[in-house]
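Reader: Got a minute to walk through this one with me? Let's get it on the screen.

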Amino acid sequence: MPLEILREIFRQLMWMYVSGIFFPSSSTDEIRRNLYWLKVAFVCRYWRSIAISYPVLFSFINIPYGGRDEDFTRQVLEYSQPNPLHIT
């Protein structure tokens, strides 16, 4: 499948999770926090390379009170560049 099509599918999937379409209850914050939608990066190497090279997918991040794994946060920030971030 072409790169542009997979990117659009991943972007739509990310937006459905972040906006709460898949999980309309209060579980949305948990899904967003865990970047659940990024499971597409574990399907195969090709999909992973597309996901981690597409900064839009990392523009919505949640850092809960009390912090989070600093390495994880740095990695997400690195992947999100140069896009604006939506941090909660």
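Author: Sure. One thing that caught my eye: Arg 11 and Glu 8 both sit in helix H1, three residues apart, about one turn of the helix. And keep in mind that this is a predicted model.

Reader: OK, and what do the side chains of Arg 11 and Glu 8 do?

Author: They meet in a salt bridge, 2.7 Å from N to O.

Reader: How many salt bridges does a search of the whole structure find?

Author: One.

Reader: Is Arg 11 buried or exposed? And Glu 8?

Author: In between. Arg 11 has 28% relative accessibility, so it counts as partly exposed. Glu 8 is at 33%, so that residue counts as partly exposed too.

Reader: Let's stay on H1. How many residues does it have, and how far does it reach?

Author: H1 has 17 residues and spans 24 Å from its first C-alpha to its last, close to the 24 Å expected at 1.5 Å a residue.

Reader: Which residues of H1 are buried?

Author: Leu 6, Phe 10, Leu 13, Met 14, Tyr 17 and Val 18. They cover an arc of only 130 degrees around the axis, which puts them on the same side of H1.

Reader: What about Ile 5, where does that lie?

Author: Ile 5 is in H1 as well, which covers residues 3-19. At 43% relative accessibility, Ile 5 counts as partly exposed.

Reader: Which residues form the nonpolar patch on the surface?

Author: Met 1, Ile 5 and Ile 9, and together they have about 310 Å² of accessible area.

Reader: Switching topic: how many aromatic pairs does the structure hold?

Author: Two. One of them is Phe 10 with Trp 47, an edge-to-face pair at 5.4 Å centre to centre, with 65 degrees between the planes.

Reader: Which parts does that pair tie together?

Author: Phe 10 lies in H1 and Trp 47 in H3 (residues 45-52), so the pair links parts that are 37 residues apart in sequence.

Reader: And how covered are the two partners, what's the relative accessible area of Phe 10 and of Trp 47?

Author: Phe 10 is buried, with a relative accessible area of 2%. Trp 47 is partly exposed, at 27%.

Reader: So what's the story with Phe 58 and Tyr 79?

Author: Those form a tilted aromatic pair, 4.9 Å centre to centre and 50 degrees between the planes. Phe 58 is in the loop between H3 and strand E1 (60-61), while Tyr 79 is in helix H4 (residues 70-80), so this pair ties together parts that are 21 residues apart in sequence.

Reader: Are Phe 58 and Tyr 79 buried or exposed?

Author: Both are buried.

Reader: Zooming out, what does the secondary structure come to?

Author: Four helices and two strands. Along the sequence, the pattern reads α-α-α-β-α-β.

Reader: What share of the residues counts as buried?

Author: 33% of the 88 residues in the protein.

Reader: Last thing, the peptide bond that joins Gln 81 and Pro 82: cis or trans?

Author: Cis, with omega at about 5 degrees.

Reader: And where is Pro 82 found?

Author: In the loop between H4 and strand E2 (86-87).

Technical notes: Residues numbered from 1 in each chain as written. Predicted model: local features only at pLDDT ≥ 70, side-chain atom pairs only at ≥ 80, totals over all residues. Heavy atoms only, no water. Patch = residues over 30% accessible without salt bridge, like charges linked within 9 Å, V, L, I, M, F, W, Y side chains within 5 Å. Areas by Shrake-Rupley, 256 points an atom, 1.4 Å probe, with all protein chains shown as cover. Salt bridge = Lys/Arg side-chain N within 4 Å of Asp/Glu carboxyl O. Buried < 20%, exposed > 50% of the residue type's maximum accessible area, 1.4 Å probe, protein only. Expected span 1.5 Å × (residues − 1). Arc of directions from axis to C-beta. Phe/Tyr/Trp six-rings, centres within 6.5 Å; stacked < 30°, edge-to-face > 60°.
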